[in-house]
Amino acid sequence: MKKAKLSKTGFLLLITIVMFAVMYIAGMIIFQDKGFAKPQMFLNLFISNAGLIVIACGLTIVMITGGIDISVGSVTALVCMSAADVMENKGMSAVFALFLALIIGLAFGVVQGYLVTYLKIQPFIITLAGMFFGRGLTAVISTKMISIKNKMFLAWANEKMYLPFGYTNRHGVLVHAYIYPTVVIALVVVVLIQIMLKFSKFGRALFAIGGNEQSAVLMGLNVKSTKMKAYVLDGFLAGLGGFLFCLNSCAGFVEQAKGLEMDAISAAVIGGTLLSGGVGTVVGTLFGVLITGTIQSLITTQGTLSSWWVRIVLSIMLCFFIVLQAIIGGAGLKKKDKGKEKTAKATT
Amino acid sequence: MKKKLFSLLLTATMAVGALAGCGQATSGGKSTSSSSSSSSSASSSASKGGSGKSVTIGFSQVGAESDWRTASTKSMKGTLSSKNGYTMIFDDAQQKQENQIKALRNFIQQDVDYIALDPVTESGWDTVLKEAKDAGIPVIIVDRMVKVSDDSLYTAWVGSDFKAEGNKACEWLKQYADKKGIKQSDINIVDIQGTIGASAQIGRTEGLNDAVKANGWNLVAQQTGEFTQAKGQEVMESILKSGKKINVVYCENDNEAFGAIDALEAAGKKVGSDIKNGEIMVMSFDSTNAGLTDVKNGKIALDTECNPLYGPRVDEMIKKLEAGQKVPHLQYIDEAMFAKDNTIPTVTAKNAKGEDTKYDVTVVTDDVIKGRSY
């Protein structure tokens, strides 16, 4: 059983990575003369999506337990707005804003996690309420746009980290490729969460709960506390991701990050996370985000296609992965049934 | 086992199908892009030679939320076309700032010659504009303004002078009243404002507030209609219900004016410019096709234009920059005024810089309406 699950995860992950590679290499060949082959083009995928990567990682964790969190977009808006507000109107430092962001994320995680875990309310409904609440609170802080001019914050946002490679521009000068600190943070988060999921007791418990909650209880796992921790971690990552998002946009306003939760969910699904729980990797989610970014990048580079094609291609991708999951999930289920039959026969 | 094999086969075919789908989308683009890019690369080698080159421009547009916006896009695409020596890379941001940031980064990697940006939001542009500056790409901001810590991050801005729009509309009303022998203190005006915080709302409201103070008009009510017809109607209805005496309605865009006219007519009021005989005058901004039609029908007394046709202006600017000339950092686009007749042929009002400027009032004819695509 364990072996089958592993291969299932591995297979979905493989498809995601192959798909990304094929798309990107195709883009490099087709749009070679439009800068698609430049290393910076690739790094921009990370730069522009650092916040989304972290948020989608958090979402992957709750999705592995079979839950969902659609409040993350609003949490991001709330984080950006509060950060902008405390720095610009209350004269606080950027460090304070960062702490505030994490606390907001944690607060959402704790409340939503408690309601889902201990009062057994549907996560969709709770986080829907969280979504409205977050967006509403953002508007209460300010309906006007606040642009962040805090020196320390802008220094964080604009701190380019140059890499030892680059491309030679048309004037023959080597332009170094660069990333921002947000990218490093996002990648560290992916690696840490992946290690946690794979090797820690907590990580394995998440998969067990998502696979079958009843069996997890029978196995003697503390389901409630594990689920609670999953939501708290998800909230924390939403707060952190929101702050990274803010470093990219340097502003707070009500309409910010609208629909981000759906981007995060689709990235997780494309990355091989099962909506029914029990299967998923954050590495896959990372590639899910990269695939979304690549589609967008391809269509922008092409230059004449309507940018709404991004949505269309993305929807085709989503359908493809969901059907794929259904087939693989179905195959797994059949096997389980057969296994049950066998054990039933053996007991009689 | 058979079933598993079948499902695997099915996924494999689907994968191929999906990839083929993507391939089609991109390869469909390839034919056009490769031809355009080959022309651009050919021209960039020629560009060092001097004139007659193709300029690549990346344009990031807010979205396609209104006819006005669509007209703006059309103007940019039409003027900055391959016919006129441009290669345009267009991106619709679907109202999302993060999409625009991504598009700008993409343009930078494509090594475009110029970037044109109609920003979704005023703030949040420091980082990406710095990237453009580092890459040596001039950025032209159109329509909406950006707030950045360092103004040198963009080369130029061209947009509407909303304050002047408000000023000249009010100046027209003042002169109109004088000419018709209406006492300024008898003007009871209602302001249906735009979305609070939008620069169009701020400028147009300020213009009115100044005029109210200067001329001694009575500002009966001031409420937001959020630039929509439904809200404009709702606000007008509630003001009518309050029973206050009014004779002028100052709507901050055409959609609000349509709503206000509906509400007035439903309440049995007569809409027109004959204030003396109990008609209620509606003033509006934007001058869309439908707005001008209402001007011609006499329902809107004055429609002050908000010009979306940025293409020629940007074209002119790029030509100057290409020739090594300097362009003014801030520029205002020319905007007309439209009325049913030429009771007031010209007005003199202050622009945003505080300079007195003369503005002509255009009489709406069928040709004017026909020439208006939005």
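Colleague: Is the crossing of H3(A) and H10(A) left-handed or right-handed?

Modeller: In this predicted model, H3(A) and H10(A) cross in a right-handed way.

Colleague: And what makes H3(A) oblique to H10(A)?

Modeller: Helix H3 (residues 72–88) of chain A packs at an angle of about 60° against helix H10 (residues 223–249) of chain A, and the axes are 8 Å apart. An angle has to be under 35 degrees to count as roughly parallel, and 65 to 115 to count as roughly perpendicular. About 60° fits neither, so H3(A) is oblique to H10(A).

Colleague: Which residues in H3(A) meet H10(A)?

Modeller: A:Val72, A:Val75, A:Thr76, A:Val79, A:Cys80 and A:Ala83 come from H3(A). On the H10(A) side, their partners include A:Gly239, A:Gly241, A:Gly242, A:Phe243 and A:Phe245. By class, this contact has nine nonpolar, five polar and no charged residues. The glycines go with the polar group because Gly is counted there.

Colleague: Let's move along chain A. How do you know that H4(A) and H5(A) are roughly antiparallel?

Modeller: Their angle is about 150°, with axes 9 Å apart, for helix H4 (residues 94–118) and helix H5 (residues 123–141) of chain A. The cut-off for roughly antiparallel is over 145, so the name applies to H4(A) and H5(A). Their crossing is right-handed.

Colleague: What is the make-up of that contact by class?

Modeller: A:Phe108, A:Gln112, A:Leu115 and A:Val116 in H4(A) meet A:Pro123, A:Ile126, A:Thr127 and A:Gly130 in H5(A). That gives five nonpolar, three polar and no charged residues.

Colleague: Now a pair from two chains. Why is H12(A) called oblique to H3(B)?

Modeller: Helix H12 (residues 282–302) of chain A and helix H3 (residues 97–109) of chain B have an angle of about 60°, with axes 10 Å apart. That value is neither under 35 nor within 65 to 115, so H12(A) is oblique to H3(B). This crossing is right-handed.

Colleague: Which residue makes one member of that contact charged?

Modeller: A:Gln296, A:Ser297, A:Thr300 and A:Thr301 in H12(A) meet B:Lys102, B:Ala103 and B:Asn106 in H3(B). The classes are one nonpolar, five polar and one charged. Lys counts as charged, so the charged residue is B:Lys102.

Colleague: Where does UniProt place the "transmembrane region" features in chain A?

Modeller: The unreviewed entry lists several spans, including 94–115, 121–142, 177–197 and 231–254. Residues 177–197 of chain A are 81% helix and 14% strand, with end C-alpha atoms 32 Å apart. For residues 231–254 of chain A, the shares are 79% helix and 8% strand, and the ends are 24 Å apart.

Colleague: And which feature does UniProt place at residues 57–301 of chain B?

Modeller: The unreviewed entry has "domain: Periplasmic binding protein" there. That span is 42% helix and 19% strand, and its end C-alpha atoms lie 40 Å apart.

Colleague: What bounds does the domain assignment give for chain B?

Modeller: Domain 1 is 53–154, while domain 2 combines 162–306 with 336–370. Taken over C-alpha atoms, the centres of these two domains of chain B are 33 Å apart.

Technical notes. Residues numbered from 1 in each chain as written. Chains lettered and ligands numbered in written order. Predicted model: local features only at pLDDT ≥ 70, side-chain atom pairs only at ≥ 80, totals over all residues. Domains from an automatic or database assignment. UniProt positions renumbered as here; feature names shortened; annotations may be inferred. Helix = DSSP H or I, 4+ residues; strand = E, 2+ residues; numbered from the N terminus. Axes fitted to C-alpha atoms, helices over the stretch in contact; angles between N-to-C directions. Left-handed = near helix turned anticlockwise from the far one by under 90°. Contact = placed C-beta atoms within 7 Å.
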